[in-house]
Amino acid sequence: KRMSKRMINTNHTGTLLPQLEYEVRCLDKCKSSPFVVRYEKSFKDPKYYYIVTEFVAGGSLEARSSRL
């Protein structure tokens, strides 16, 4: 997952960084669950934040649910 730092830091309600950090903590806590995509790591560069997870074939859950 790649998120623009500009979008995260300039959201109309303030920064979304706490939500991003919460997502990483949740994924890390659930990494032993067979029902949750496995979290690998997160990092940032000058323009983006990244969350790296295991690859799961078939696309995102969001994309699959929109086809129903």
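Before anything else, a word on usage: when I say that two residues touch or are in contact, I mean that they have heavy atoms within 4.5 Å of each other. Please also keep in mind throughout that what we are looking at is a predicted model.

With that in hand, let me begin at Ile 8, which, leaving aside residues up to four places away in sequence, touches Met 3, Gly 14, Thr 15, Leu 16, Leu 17 and Tyr 49. Ile 8 also belongs to the largest nonpolar core, a group of eight residues in which we find Met 3, Leu 20, Val 24, Leu 27, Tyr 39, Tyr 49 and Ile 51 as well. Helix H2 and strand S3 each supply at least two residues of this core, and the largest share, three residues, comes from H2.

Let me turn now to the pockets. The largest pocket has a volume of about 490 Å³, and its lining is made up of 14 residues, with Val 37, Val 56, Gly 59, Ser 60 and Leu 61 lying nearest the centre. If we ask which elements supply at least two residues each to that lining, they are helix H2, spanning 17–29, strand S3, spanning 48–53, and helix H3, spanning 61–66; of these, H3 gives the most, with three residues. In character the lining is mixed, since one finds six nonpolar, three polar and five charged residues there.

The second largest pocket has a volume of about 150 Å³. Around it stand Leu 17, Leu 20, Glu 21 and Val 24, together with Ser 42, Phe 43 and Lys 44, and then Tyr 49, Tyr 50 and Ile 51. The elements giving two or more residues to this lining are H2, strand S2 at 39–44, and S3, and here H2 gives the most, with four residues. The lining residues divide into seven nonpolar, one polar and two charged. I would point out that Leu 20, Val 24, Tyr 49 and Ile 51, which line this second pocket, are also members of the core I described a moment ago.

That leaves the charged pairs. As a reminder, side chains of opposite charge can pair when their charged atoms come close. The structure holds four salt bridges, and I will take some of them in turn.

In one of them, the side chains of Glu 23 and Lys 1 meet at 2.9 Å, N to O. This pair links distant parts of the chain, given that Glu 23 sits in helix H2 and Lys 1 in the segment before strand S1, 22 residues apart. Glu 23 counts as partly exposed because its relative accessibility is 28%, whereas Lys 1, at 53%, counts as exposed.

Another salt bridge joins Lys 31 and Asp 28, again with 2.9 Å from N to O. Lys 31 has a relative accessible area of 42% and is therefore partly exposed, and Asp 28, at 34%, is partly exposed too.

Finally, Glu 54 and Arg 38 form a salt bridge at 3.8 Å, N to O. Glu 54 lies in the loop between S3 and H3, and Arg 38 in the loop between H2 and S2, so this pair ties together parts that are 16 residues apart in sequence. With relative accessibility of 28%, Glu 54 counts as partly exposed, and Arg 38, at 38%, is likewise partly exposed. Nor does this pair stand alone, for salt bridges that share partners join Arg 38, Glu 40 and Glu 54 into one network.

How values were computed. Residues are numbered from 1 along each chain as its sequence is written. This is a predicted model: local features need pLDDT of at least 70, side-chain atom pairs count only at pLDDT 80 or more; totals for chains, interfaces and linings use all residues. Side-chain values use heavy atoms; hydrogens and water are left out. On a 1 Å grid over the protein atoms alone, a cavity is a set of points where a 1.4 Å probe fits but cannot get out, and a pocket is an open set with protein on both sides within 12 Å along at least five of seven lines; lining residues have an atom within 4 Å of a point. Grid points are joined across faces, edges and corners, and a volume is the space filled by probe spheres set on the points. Ala, Val, Leu, Ile, Met, Phe, Trp, Tyr, Cys and Pro count as nonpolar, Asp, Glu, Lys and Arg as charged, and the others, Gly among them, as polar. Buried means under 20% relative accessible area, exposed over 50%, partly exposed in between (1.4 Å probe, protein chains only). A nonpolar core is a set of buried Ala, Val, Leu, Ile, Met, Phe, Trp, Tyr and Cys residues joined through side-chain atoms within 4.5 Å.
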